[in-house]
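Please read the report below with the sequence and the 3D view open beside it. Each section takes up one aspect of the chain.

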Amino acid sequence: MARRARRRRKFRFPQILSRAGKTALFLVAIVAIGAGYAWYEGRDWRPDEAVWPDQGALVSAADGAVDFGTIAGLGAKFVYLEASDGAGRKDRAFAQNLARARDAGLEVGAAHRFDPCAVADGQSANFVTIVPRESDLLPPAILLESTAAECPSRVSDAAVQSELTTLVNQIEAHTGKPAILAPTEDFEEAYAPSRRFERQLWLTRSWFEPDYATRPWLMWTANRWYQTEAAQTPLRWVVVRP
């Protein structure tokens, strides 16, 4: 009798685990549904224009055909256009987007996406061959989104920081204006550009003001999935600190 009782107790623990697992899965599903609903509802959100009067967008060829007149009609005052990426890739829509944005009365800036795996000379050459040297362009932006962890061969942190310093200087020499650095949270954590460079910052965090830099920022990508009639795909909506 004692042995039978022990056997019955032996099989109760897996049953408890099974119930706990089902409960955990249910809670995960609820959280996922809630997050999906929040994302869906947040697609048409942007900061209050009364508080944040200077608003705009970051646009690239990946966004497809963009109606810059509609962007201006939504209250935007500027756009940044992706121009170059690393040492060899250019945004095929840059020249056309530049002309159309200007026709819509928007101020325009050019952005370069930094490649931590490539040396600065090739990257700056890529930028200067597509971005005109014109005084009415906004200060250039350098998008800092990838870390050296994604490089095919090892690149030290010191090498990334050195090449970024060179790139900043070269792009500024071409444009005649201080660059704006736009690190993601991962890049900031890896290389701390907000501490190493005395440049204006452009941070990204949808729906909530970012706080991951070591000093105040100038620009904020407030919604990476802003749904608007200006484009078939969501746009990255940007505001400037008032």
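The sections below go from the whole chain to its cores, one buried residue, two backbone angles, and the spaces in and on the protein.

## The chain as a whole

The structure is a predicted model. Its protein chain contains eight helices and nine strands. The chain has 242 residues, of which 44% count as buried.

About 13100 Å² of the protein chain is exposed, and carbon and sulfur atoms supply 55% of that area. Consider next the contacts between residues at least 6 apart in sequence: 65% of these join residues at least 24 apart.

## The nonpolar cores

The largest nonpolar core holds 50 residues. Within this core, Phe 68, Ile 71, Val 79 and Ile 142 touch the most other members. Helix 6, which covers residues 157-175, gives the largest share of the core, namely five residues. There is also a second, separate core of 13 residues, and among them are Leu 138, Leu 143, Ala 182 and Trp 202.

Ile 71 can serve as an example of how the chain meets itself. If residues up to four places away in sequence are not counted, Ile 71 touches Val 66, Ala 76, Val 79, Leu 106, Ala 230, Leu 235 and Trp 237. One of these, Val 79, is also among the four residues that touch the most other members of the largest core.

## A buried asparagine

Asn 97 lies in helix 4, which runs over residues 94-103. Is Asn 97 buried or exposed? Its relative accessibility is 4%, and buried means under 20%, so Asn 97 counts as buried.

Which residues does Asn 97 contact, leaving aside its neighbours within four places in sequence? They are Val 59, Ser 60, Phe 68 and Leu 81. Ser 60 is 37 residues from Asn 97 along the chain, yet the C-alpha atoms of the two are separated by 8.3 Å. Phe 68 also belongs to the largest nonpolar core.

## Two positive phi angles

Ala 192 is not a glycine, but it has a positive phi of about 50°. Its place is the loop between helix 7 (185-191) and helix 8 (193-196). Ala 192 counts as buried because its relative accessibility is 8%.

Trp 207 is not a glycine either, and it has a positive phi of about 80°. This residue is found in the loop between strand 7 (200-204) and strand 8 (219-226). Trp 207 has 25% relative accessibility and therefore counts as partly exposed.

## Closed cavities

Rolling a probe the size of a water molecule over the atoms shows where empty space is left. In this model, two cavities of 30 Å³ or more are counted. The largest cavity holds about 40 Å³ of space. Its lining is made of Pro 132, Glu 134, Leu 137, Leu 138, Pro 139, Pro 140, Thr 175 and Lys 177. Five of the lining residues are nonpolar, one is polar and two are charged.

The second largest cavity holds about 30 Å³ of space. Val 160, Gln 161, Leu 164, Phe 187, Tyr 191, Pro 193, Arg 196 and Phe 197 line this cavity. Which helix supplies the largest share of this lining? Helix 6 does, with three residues, while helix 6, helix 7 and helix 8 each supply at least two. By class, the lining has six nonpolar, one polar and one charged residues.

## Open pockets

The largest pocket has about 290 Å³ of space. It is lined by 15 residues, and the closest to its centre are Glu 145, Thr 184, Thr 204, Thr 221 and Arg 224. Strand 6 (180-183), helix 7, strand 7 and strand 8 each give at least two residues to this lining. The lining divides into six nonpolar, three polar and six charged residues.

The second largest pocket has a volume of about 160 Å³. Its lining consists of Asp 54, Lys 77, Phe 78, Tyr 80, Glu 107, Leu 138, Ile 180, Leu 218, Met 219 and Val 240. Seven of these residues are nonpolar, none is polar and three are charged. Leu 138 appears in this lining, in the lining of the largest cavity and in the second core.

Key
Residues are numbered from 1 along each chain as its sequence is written. This is a predicted model: local features need pLDDT of at least 70, side-chain atom pairs count only at pLDDT 80 or more; totals for chains, interfaces and linings use all residues. Side-chain values use heavy atoms; hydrogens and water are left out. A nonpolar core is a set of buried Ala, Val, Leu, Ile, Met, Phe, Trp, Tyr and Cys residues joined through side-chain atoms within 4.5 Å. Buried means under 20% relative accessible area, exposed over 50%, partly exposed in between (1.4 Å probe, protein chains only). Helices (H or I, at least four residues) and strands (E, at least two) are DSSP runs, numbered from the N terminus. Contact means heavy atoms within 4.5 Å. On a 1 Å grid over the protein atoms alone, a cavity is a set of points where a 1.4 Å probe fits but cannot get out, and a pocket is an open set with protein on both sides within 12 Å along at least five of seven lines; lining residues have an atom within 4 Å of a point. Grid points are joined across faces, edges and corners, and a volume is the space filled by probe spheres set on the points. Ala, Val, Leu, Ile, Met, Phe, Trp, Tyr, Cys and Pro count as nonpolar, Asp, Glu, Lys and Arg as charged, and the others, Gly among them, as polar. Accessible areas come from the Shrake-Rupley method with a 1.4 Å probe; for residues, only the protein chains shown count as cover.
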